[in-house]
Structures are given as structure tokens and as C-alpha cells.
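Please look through the sequence and the 3D structure shown here, and keep both in view while you read the explanation that follows.

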Amino acid sequence: MKIAVLGTGSVGPTIAAALSALGHDVVIGTRDPKATLARTEPGATGGPAFAAWHAAHSRVDVATFADAAARAELVVNATNGAGSLEALTAAGAANLAGKVIMDVANPLDFSRGFPPSLNPVNTDSLGEQIQRAFPEARVVKTLNTMTASVMVDPASVAGGDHSVFVSGNDAAAKEIVSGLLKGFGHRDIIDLGDITTARGAEMVLPIWVRLWGALGTGAFNFKIAR
Ligand SMILES: NC(=O)c1ccc[n+]([C@@H]2O[C@H](COP(=O)([O-])OP(=O)(O)OC[C@H]3O[C@@H](n4cnc5c(N)ncnc54)[C@H](OP(=O)(O)O)[C@@H]3O)[C@@H](O)[C@H]2O)c1
């Protein structure tokens, strides 16, 4: 499948590399491809510098948000939650119409320092904001409840014996996303329901952040025992 991964932090390149390794035709979207390709400083969350990452993954093209989305059949939103609507607006409503947006972003609000709070929260979610802003797109919230490396290689933690959630209004879009999740090795995919259920998936983040602090690692995940 032709897939645009919007985001050049630790999540975007991790998902792009995994999808490319699975045989998909992947392009990464960013605000300024030239500046992004020139980045030699390590990623904010400890990943390699983008230039070094791209040298090792040259099959993945790098383009503006709009060019990347225009070429793709499916778009992954792996941009900063506070900038996701801006990034998707730059991608262009026409380039997103009819397409699945696999939204892995979290609306973390660091305005009062660490730990972050969520904005929106409780009665709204980033997944819903994106669906409202791009009504012709088919938004599926998923993977936001685990760290990037676990998203694409769940077996790296507890042999992959854990759960991942999907939320969205479009059953066929959730099927397509579930296919990608299975390709990553996820076995327990829980359909929470329509896009309003993204509130629940996003509100996992306050406990995720405290677990990260208590365990000293992001290499963990949730298992829904039942
Ligand atoms: N880190 C994790 O393990 C993890 C796990 C679960 C979920 N998430 C979520 O996944 C998303 C990506 O996280 P990350 O840690 O990889 O990177 P990040 O630093 O949160 O986001 C980096 C990306 O956001 C874009 N961006 C930032 N502000 C923007 C703005 N105002 N307008 C347009 N684009 C903007 C950047 O664009 P440029 O490319 O132009 O710089 C870059 O591509 C976040 O929403 C995060 O909460 C992260």
C-alpha cells in the first residue's frame, strides 16, 4: 500500500521503517523536507538524528505534508498532538478525503510542565477533533497507548501478549488498520467503538506516564485480561 507517515519525531520514522520493511511504499511527511534531511542532532526522545536515520532507510522518501498525503492511500498521523491539526491542515483536506488516517498522536499539554495533562480531555479527544476537521477522512485512533518501539514490535515486550485499541466510525477503515497492526505482530486488537471512544484511549496517557516514571522504561504495555 502507498502510505504517508506524517511525523519526524521518534514515532514517524519507527512506523515508516516498519511499514517499509513489510513491503509498503512509504513516504514521510514533514513541514520542511530540506531542513528535516539536514538534521544531525539526536531526536528529542533519544532516537537517531533524522539524517542518519534516513541514510539507513533511503527507500523511504521525504516530502512536505501535502505531497506525502497526496501520494498516499493511507495517512499515519504521527505528529505532535498540539500541532496535529496544523499538520493535517497543511496536508490538505482534499489530499485526505476518503483516506484512512491512522492517528497515533496524543494531545499532551506541557504548558504546566511535567507530567503533562491532556487537552482536549474527558468530553472530547484529538481523534474526534481530527475527524470533525476532516469529515471526509476515515480516522482510526490506535497505538497511542504504547511507546514507538512497542507499536511496531510488540513481541519485544512480554512476547507480544498485550492489547491494542482501535477507535473509529468506519468499520472498513478499522479493518484496514487492524491488518497493519497484525503485520506489526499485534494479536489482541480491541475495537472500542466509534471515534468518541478515542477519549478512553487518550486518557490512558496519565497512567502511562506514571508507569514510565515508576518503571524507568517505556518498554511495557497493557494487557486487558478477560
Ligand atoms: N514517542 C512515543 O513513543 C509516542 C508513543 C505514543 C504516542 N506518541 C505520540 O505520537 C506523536 C509523535 O510523537 P514523537 O515523539 O514521535 O514526536 P513529536 O516531537 O511529538 O512530534 C514531531 C512531529 O510533529 C510535527 N509538528 C510539531 N509541531 C507542529 C506544528 N505546529 N505544525 C505541524 N507539525 C508539527 C513535527 O514536524 P516537522 O517534521 O516539520 O518537524 C514532527 O514531524 C505525538 O502526538 C505523541 O504524543 C508518541
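In this predicted model, the ligand is surrounded by 24 residues, and the closest of them are Thr8, Val11, Thr30, Arg39 and Thr79. Some of these residues place polar atoms beside the ligand: a polar atom in the side chain of Thr30 lies 2.6 Å from a ligand oxygen atom, while an N or O atom in the side chain of Arg39 is 2.8 Å from an oxygen atom of the ligand. With Thr79 the backbone takes this part, since one of its polar atoms is found 2.8 Å from an oxygen atom of the ligand. How much of the ligand does the protein bury? Taken alone, the ligand exposes 890 Å², and 81% of that area is buried by the protein.

From the ligand we can turn to the chain as a whole, which contains eleven helices and ten strands. The radius of gyration of the chain is 16 Å, which is close to the 17 Å that the globule rule gives for 226 residues, and therefore the chain is as compact as a globular protein of that length. Along the principal axes, its C-alpha atoms fill a box of roughly 45 × 40 × 35 Å.

Eight strands form an open sheet with mixed pairing, and their order across the sheet is S3-S2-S1-S4-S5-S8-S9-S10. At the edges are strand S3 (61-64) and strand S10 (188-193), each of which pairs on one side only, and from one strand to the next the twist averages 25°. Within the sheet, strand S5 (residues 100-103) and strand S8 (residues 138-142) run parallel and are joined by four bridges; Met102, for example, has Val140 in S8 as its bridge partner.

Helices lie across these strands. Helix H1 (residues 11-21) lies across strand S1 (2-6), strand S2 (25-30) and strand S4 (74-77), and runs at about 165° to S2, whereas helix H7 (residues 126-133) lies across S4, S5 and S8, running at about 170° to S8.

Finally, some details of the backbone are found in the loops. A cis peptide bond, with omega about 0°, joins Phe114 and Pro115, and Pro115 belongs to the loop between strand S6 (108-109) and strand S7 (117-118). Another cis peptide bond joins Asn119 and Pro120, with omega about 10°, and Pro120 is placed in the loop between S7 and H7. Leu143, although it is not a glycine, has a positive phi of about 65°, and this residue lies in the loop that runs between S8 and helix H8 (148-152).

Conventions:
Residues are numbered from 1 along each chain as its sequence is written. This is a predicted model: local features need pLDDT of at least 70, side-chain atom pairs count only at pLDDT 80 or more; totals for chains, interfaces and linings use all residues. Side-chain values use heavy atoms; hydrogens and water are left out. Two strands pair if DSSP finds at least two bridges between them. Helices (H or I, at least four residues) and strands (E, at least two) are DSSP runs, numbered from the N terminus. Axes are lines fitted to C-alpha atoms, for helices over the stretch in contact, and angles run from 0 to 180 degrees between N-to-C directions. Contact means heavy atoms within 4.5 Å. A residue is near a molecule or strand if one of its heavy atoms lies within 4 Å of it. A polar contact is a pair of N or O atoms within 3.5 Å; within protein, one must be able to donate a hydrogen and the other to accept it, and residues adjacent in sequence count only if both atoms are side-chain atoms. Accessible areas come from the Shrake-Rupley method with a 1.4 Å probe; for residues, only the protein chains shown count as cover. The radius of gyration is taken over C-alpha atoms; the globule rule is 2.2 Å times the number of residues to the power 0.38.
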